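Thank you for making time for this; I would like to walk through one structure with you, part by part. Please have a look at the sequence and the fold as they come up, and then we will start straight away with a cavity.

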Amino acid sequence: MNIDSGISAIKMAPRPTSQFVHKLHIDVPLLSGLLVLSGFALIVLYSAGGQNLNVLLRQATRLGFALLIMLAIAQIHPRSLKRYSPPLYLLGIALLAAVLVIGAIGKGAQRWLDLGILRFQPSELTKLSTPMMIAWYLTARALPPRFGQLVVAAVLIGLPTLLIAKQPDLGTAFLVAASGSAVLFIAGMSWRYLMGLTAVCASALPALWYFMRDYQRDRVLMFLNPEADPLGRGYHIIQSKIAIGSGGLYGKGWLHGTQAHLEFLPERSTDFIFAVLAEEFGLLGCIGLLAIYLFILSRCFYIMVQAQDTYSRLLSGALTLTFFVYLFVNIGMVIGILPVVGVPLPLVSYGGTSMVTLLASFGMLMSIQTHRTLLPG
Amino acid sequence: MSRHLTIRNSLYENRLLLNRVVVSALLIVAASLGLVSRLIYLQVVGYEHFSMLSRDNRVKISPLPPPRGLILDRNGEILADNIPTYSLEIVPEQTPDLRSTVSELAKLLNLSDEEINRFDSLRKKHKVFDSVPLRQQLTEEEVARFSVKMPYFPGVEIHSRLLRTYPYGALAAHVVGFVGRINEAELQKLDPATYSGTYHIGKTGIENAYESELHGKTGYEEIEINVQGRSINVLGSTQPVAGKELRLTLDIQLQKIANDALGDYNGAIVALEPDSGEVLAFVSKPSFDPNPFIHGIGREEYNTLKISPERPLYNRALRGFYPPGSTIKPFVALAGLEAGQVSPTRRVICPGYYLLPGVSHRYRDWRKGGHGGIDMRNAIVQSCDVYFYDLAHRIGIDRLHAFLKQFGFGELTGIDLAGEKAGLFPSQKWKKKARKQKWFPGETLIAGIGQGYVQITPVQLARSTAILANRGKIIEPHLVEPAKGDPPAERFNPIQRPGRFIELAPESWKLVIDAMVEVVHSPRGTAHGIGGGLSYKTAGKTGTAQVFSVGQNQSYKGMRVEQKLRDHALFIAFAPADAPRIAIAVLAENGGHGASVAAPIARQVIEHYLGDRP
């Protein structure tokens, strides 16, 4: 008893600033990584957005807002996160259903609910609530998950995934499925099942093709053979590769990317912003960006390993993996090794919705890291 | 025991998790190396190749927007036109000294400070390589003056665009609608390839309903550009395909007559060709000038329109709900004959009020002293309320509901305009569901004279009149002749079609239509004032719809009630009665009496349409 408080006193005492930061439940290394990344992102965005200060200001405002959300979530104890997992999950499902119903009435695809002043995409909520739910479900049982539990988990993941795919938003549906599956992987799902699942998914691809909309099929075909239609659908991917390739080792220099500025490059500020970075900052810039990402990821893994209960570990592990999937899918798409799916480059692309979700997930990681007690409770 | 197990498990679980962390980290490192090697392949190995492609990347694909299809009336008059306009635009990135360029241009073209300010604020919203308009709608002379000096102004170009205009302005605004700038929400739903280079989209009316036909197919131009991005050569192009020209069934001359005939009243007029369902006139008043909407109407101007108590943006003919009043009586009479409830010769004594058994409330007739003994025919001619209270009571609300539904009461007409509303003819089921109340017998009486819960839209009333004129042939009103195999109704409002014909005994049609002819041509008819001097017979029915309910012991003195609480005047008619070529519904808001206000308006329209072609 006394020893406990003594040790914690030693640990908690160090510098006054650190104490302040700790009280705010901020993880300094993680926050630094995120800030460096966002700063770099704003620099790239200024060029990609055509040196438009308005664009920059808007993005900075969103970033500030998202950071506040992160900070707010970091204050929530992981215990509460765990307790709120099922209701949050159910809320997410209900909202997705509402979007579909409203969309059906309003005719045409719809992804958001109009709450008057702001538009809210329920699919963003499920990006977080799905892994939380799976982690909650598995935590109550011994690991690794058995077959029966895997089936339940598959249903829990499948429900939001299908609802989002129906919107139709395949990119987000994929990410939600990935975030849920990541929990299973971290939880030690046996390799045998993992292989089996992969086989099932692979065989389901033809069925998926059947459900795709025309424009989604076009994207896949274009990925397989962009040169088939160089001025039409394959245009994006070809121009993106020219932008990246012509950047070379050192790049053309900030604000000097001709591909982007002569409007050859589509979606410069959003999904294809990585190409602008590659054109202007070259291979070194790309490696620099990857290094920042890897730094953030390694800090996340550290937090996961340090986490003191199963729920926290599963959740932090899954969020970390999902973050990587995000950036891998986007960069893979831009450099032409994956098909074009509408996934932004995390924390770099212009746009607010995914930024809030991502920083919310980092808020959870900070909460897990900063609410630790000295001895397992 | 259990404690032991837990400990063992958590140790095992720890190892398991750690194992997975290591695997994940390895996977991430491997995948990152994959990305880096691809980047090395592109940026180091392929550098020469891509760098050359980038330098040669002088061919830019630029969209050629198709000219939007024109909209014509049935006689070929142009209702929506495209006129070429020139705008002076600047690409800031390509202009070495923007400030001096703008001030030089200001001198050259006499730009106002306001134009320059607007340019500055527009410029901030655009990217530096976007073309930002400095002045729109240049005159020919200004174009010439600038063209001479063009070499001195790098980054400044004249663009020619086709601009939509509506030569008839407010007259056809509620039919033709207007185009406006594509907004954020629309952008997400549109195919980017089809709409690249197009800035406008149909927002309302025909422009909106037939957007896919009117838009056409976008073409492309491959342009060679120099390092500054200015186009120097056109290498090849795919020409755009112009949008389809739409010929409406609307007769703009008739529309004008109808609009003028309505005078100062707000309201609506819908005229149809009964046999085909073609819409001849479709007036909703007040209206608005659609032309300012094209460039984006000013906030202030829009607010004035929006908050005006007259509601000029509201399409009354399509969406306005009004009680049909006595214009419903011919239809109720048909219901009575068809339900076998009454023989046409049966007489009802009208003392000026009607009493339900066991209820003291007096349901009043519009004529204070009553009509005396009256049969069906005269009840229509003189619009006796008591007769129809009695008839509705005998038929019952649910049977009345089912019968009138066939004529389209409470149903969408399926007209090819978006946003139509259905109106309402009540039933017991409806009231239970919507109001959670049971039906009261008194409400049947009120419904029988087209008041109470009953609500119609003017286009609906016109269609019902046309079906009556057709002696049962059901039609769907439309403004554009549907292409074969493409019923317009399917595209807009899924309507229920009870069948192609309403089968009734020929004598029933005859009795009611004869009575309606008497309304106009007999001296006792409520609209006999408009019957004179016609070479053909017109069948009609007046209606006065209460806006303001009068207490049991009060009397209604039209002129003393405030204008906006005054009754709506209605009139339905078709002519010639034996072989109808036009069916019409007129509604004058707060017009007072149907006979004195709405009927003469209808006559003017009918007379013009049939005038020299009897």
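In this predicted model, the lining of the largest cavity draws at least two residues from each of four helices of chain A, namely helix H6 (122-139), helix H8 (170-186), helix H14 (310-334) and helix H15 (353-370). The lining comprises 15 residues, and those nearest the centre of the cavity are Leu319(A), Thr322(A), Tyr326(A), Leu358(A) and Ser361(A). By character, the lining residues are nine nonpolar, five polar and one charged. The space in this largest cavity is about 140 Å³, and the structure holds three cavities of 30 Å³ or more.

Where does the largest cavity lie with respect to the domains of chain A? Both domain 1 (25-75 + 213-371) and domain 2 (85-212) of chain A give residues to its lining, so the cavity lies between them.

Let me turn to the aromatic rings. Over all chains there are 20 aromatic pairs. One of them joins Phe288(B) and Phe293(B), with 5.5 Å from centre to centre and 70 degrees between the planes, which makes the pair edge-to-face. Both Phe288(B) and Phe293(B) are buried. A pair of another geometry is formed by Tyr354(B) and Tyr389(B), whose ring centres are 6.0 Å apart and whose planes meet at 40 degrees, so this pair is tilted. Which parts of chain B does the tilted pair tie together? Tyr354(B) belongs to strand S14 (residues 353-355) and Tyr389(B) to helix H17 (residues 385-395), so the contact ties parts that are 35 residues apart in sequence. Tyr354(B) has a relative accessible area of 11% and is therefore buried, the limit being under 20%, and Tyr389(B), at 4%, is buried as well.

Staying with helix H17(B), I would note that this helix is mostly covered, since nine of its eleven residues are buried. Among them are Asp385(B), Phe388(B), Asp390(B) and Ile395(B). Just after H17(B) comes Gly396(B), with a positive phi of about 90 degrees.

Elsewhere in chain B, ring pairs join Phe331(B), Phe403(B), Phe407(B), Phe409(B) and Trp509(B) into a cluster. There are also charges placed over rings: Arg20(B) lies over the face of Phe185(A), at 5.0 Å from the ring centre, while Arg311(B) lies over the face of Tyr314(B), at 4.3 Å from the ring centre.

Finally, some points about the backbone of chain B. Lys285(B) and Pro286(B) are joined by a cis peptide bond with omega of about 0 degrees, and Pro286(B) sits in the loop between strand S12 (279-285) and helix H12 (291-294). Another cis peptide bond, with omega of about -15 degrees, joins Ala575(B) and Pro576(B), where Pro576(B) is in the loop between strand S18 (568-575) and strand S19 (582-588).

Lys436(B) is not a glycine, although its phi is positive, at about 55 degrees; this residue is found in the loop between helix H19 (428-434) and helix H20 (441-448). Is Lys436(B) buried or exposed? Its relative accessible area is 69%, and Lys436(B) is exposed. Arg471(B), also a residue other than glycine, has a positive phi near 55 degrees and lies in the loop between helix H21 (458-469) and helix H22 (488-491), but with a relative accessible area of 30% Arg471(B) is partly exposed.

Technical notes
Residues are numbered from 1 along each chain as its sequence is written. Chains are lettered from A and ligands numbered from 1 in the order in which they are written. This is a predicted model: local features need pLDDT of at least 70, side-chain atom pairs count only at pLDDT 80 or more; totals for chains, interfaces and linings use all residues. Side-chain values use heavy atoms; hydrogens and water are left out. Rings of Phe, Tyr and Trp (its six-membered ring) pair if their centres lie within 6.5 Å; planes under 30 degrees apart count as stacked, over 60 as edge-to-face and the rest as tilted. Buried means under 20% relative accessible area, exposed over 50%, partly exposed in between (1.4 Å probe, protein chains only). A charge sits over a ring if NZ of Lys or CZ of Arg is within 6 Å of the ring centre and within 35 degrees of the ring normal. On a 1 Å grid over the protein atoms alone, a cavity is a set of points where a 1.4 Å probe fits but cannot get out, and a pocket is an open set with protein on both sides within 12 Å along at least five of seven lines; lining residues have an atom within 4 Å of a point. Grid points are joined across faces, edges and corners, and a volume is the space filled by probe spheres set on the points. Ala, Val, Leu, Ile, Met, Phe, Trp, Tyr, Cys and Pro count as nonpolar, Asp, Glu, Lys and Arg as charged, and the others, Gly among them, as polar. Domain bounds come from an automatic or database domain assignment.
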